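Biologist: I am new to this structure. Please take me through one part of it closely: the place where the two chains meet.

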Amino acid sequence: MPQTLFEKIWSRHVIVEREDGTCLLSIDRHLCHEGSFHAFDKLERENRVIRRPDLTIGIADHYVSTKAPELGNEEHELRVPIEKLTANTKKAGIQLYGIGTPEQGIVHVTGPEQGLTLPGIILVCGDSHTATHGALGCLAFGIGASEVAHVLATQTLWQEKPKTMRINIDGELATGVVAKDIILHLISVIGANGATGYMIEYAGSTVKNLSVEGRMTMCNMSIEAGGRAGMIAPDEKTFKYLKDRKHSPKNGNWDLAVTDWKTLFSDADAVFDKEVNIKASDIAPSLTWGNSPEEALPVTGKIPDPKNESDMSRREALEFTLQYMGLNPGTSLKDIEVDRVFIGSCTNSRIEDLRAAAEIARGRITQVPAIVVPGSAMIKKQAEDEGLAQIFIDAGFDWRATGCSMCVGMNGDLTPPGERCASTSNRNFKGRQGPGSRTHLMSPAMAAAAAIMGRITDIRELEPVDL
Amino acid sequence: MEAFKKLDSTAASLQVANIDTDQIIPARFLKTPRSTNHGEFLFHDIRRDASGELDPNFILNTPENKGTQILVADTNFGCGSSRESAVYALFDAGIRCVIAPSFGDIFYNNSIKNGLLPIELDRNIIEDIWQILKTANNTNIEVDLENQTIHLPNGQNFDFQIDPFRKQTLIEGLDDIDLTLKYRQLIEDHETNNAAERPWTATVY
């Protein structure tokens, strides 16, 4: 019987299948960050033992200060969750990549980078962007605190089998169009709940041609379409990416693993519950204008007019959104001025992202405050070695230490009330980057261009500079 | 965990789509331990005006919705961040049931784990319920999980779906860790087999 990639991985992990279809799944890898204190507290209250501490890795990212990381955070109350993670992992015998370690970074950057993420495994983390790891051909999904506690206590999870959706993206991308534009375009097509209840597999020639980093950007935002997981069949690029990473299989195990990984693809006649087809040629450099990730348009677009909305409740919602965002109907996106720029987050903070942003920043000067936050300590060092950090600094960008930074609004990096931020992160929700913040999501190159011009800019129209 | 069998309460309509968990509880409150009452954090920034005062127009700030245990919400309720604190905030504010056309998957799971019942109904039914709540003499909704039905103040009934496993854990107030640990031998056997077949996954080397 032909199987999808998802079914192949799922079936390997079923320990118990109940009559109603709910399955008890074994969990290969669990990553936890500071927010896991709720789960550790619950286990402590219930006097439970952590069953497989060797399969969990702790990583500090959400509350880490990008300005003064060695202190954890200059504000004591923000240091508490970091200290709890240190204490909880130490007590449980869980390996911690804490502040100051060369492996530390955003959990969804560090996992793949250290070879903790491997094709064919099930990886979970108490964070909705865990789908990122699916770019390497594993099943990875975000869970809540109670499920984190369940994993710590049992190394398993009860899950209802999700439906499957394949999203086929085919063709050549136009100049200036990158993975971020693909995923923003896709969400605008299928909607913020277009994949709710589904496990997404991204396929097609465009996806095949993306780098592993680009694939991670796409899988990362699966949750913004409602999909709890997104995945891509592993290929030679995946194997090359993983070879010789710290926790990747070594020696004889590497060959065994690659042999197994080569069987991880959807069979030619495998059936999906739903298929979506997207043409790469339909995608332009894009950004969001509203408070839901589905509210995205090509940079050449205009702010929609509520008057054109016939459904009254939708019209009111649109009016409310434009009021919150401080935007007028009909305004060209390219006429929107920004107050600050954030380049970072688990969506877009990898070396390739920083190279793309630096390419725009080179020889130019920022008009507004802009920060660049590398996704991990390793990426920070690599960017410094490659000269990217100096390009950013010379252009007036603030070059920071790694962490979740201005994506999550809980570590001191905030967009002040009423300010407009061009951001490479994943959520444009009301107040996400700080109370009253206004977020426009876009690619690293588009964000860098917004910093240089002080407004939303079509990177294809940027005047060249003499270097 | 508190068991959920039946509920009879006033209901409040929240007619906004894509209410994400950042709106249910803003990030700055997530460092709060569970032992602290999270009710004050519920919809913290959207139920207040710019000066920080409670907005009298926000649905949960009205006198008639004081003590309400049921929210009738719109599409994609609880989307976004996996923060379970969103459910703590709803629960501590007294909410025991959210009825909506669809939910964020992680929020849905988190609700079940905390004794809060999420009910999915077609959006046209939800629209009818909003209308009924607006026009009926009272806004009481009865929720019967055992029989998977809700009874509206105008006498109408609607059935809802929930998978048997989640229903069981809610009705019994069951902590599924205890249930899972009964399968300890099967879990260990599975791990042993996996280590033989795929040794590179058996531990973090």
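Modeller: Here is a walk through the interface, mainly from the side of chain B. Keep in mind that the model is predicted.

Start with the extent. Chain B brings 58 residues to the contact, and chain A brings 76. Together the two chains bury about 5200 Å². Carbon and sulfur atoms supply 54% of that area. On the side of chain B, Lys31(B), Trp200(B) and Val204(B) lose the most area to chain A. Those three account for 15% of what that side buries.

Now the polar links. Seven salt bridges are counted between chain B and chain A. Take one pair: Asp22(B) and Arg432(A). Their side chains form a salt bridge, with N to O at 2.9 Å. Polar contacts join 25 residue pairs across the interface, both partners at pLDDT 80 or more.

Which elements of chain B give two or more residues to the side that touches chain A? They are α1 (21–24), α2 (85–92), α3 (105–113), α5 (164–172), α6 (176–181) and α7 (184–197) of chain B. The biggest giver is α7(B), with seven residues. By type, the residues on this side of chain B split into 19 nonpolar, 19 polar and 20 charged.

To sum up, the chains share an interface of about 5200 Å². Seven salt bridges span it, and α7(B) gives the most to the side of chain B.

Conventions
Residues numbered from 1 in each chain as written. Chains lettered and ligands numbered in written order. Predicted model: local features only at pLDDT ≥ 70, side-chain atom pairs only at ≥ 80, totals over all residues. Heavy atoms only, no water. Contact = heavy atoms within 4.5 Å. Buried area = accessible area lost by both parts, 1.4 Å probe. Salt bridge = Lys/Arg side-chain N within 4 Å of Asp/Glu carboxyl O. Polar contact = N/O pair within 3.5 Å; in protein donor to acceptor, adjacent residues only side chain to side chain. Helix = DSSP H or I, 4+ residues; strand = E, 2+ residues; numbered from the N terminus. Nonpolar A, V, L, I, M, F, W, Y, C, P; charged D, E, K, R; others polar.
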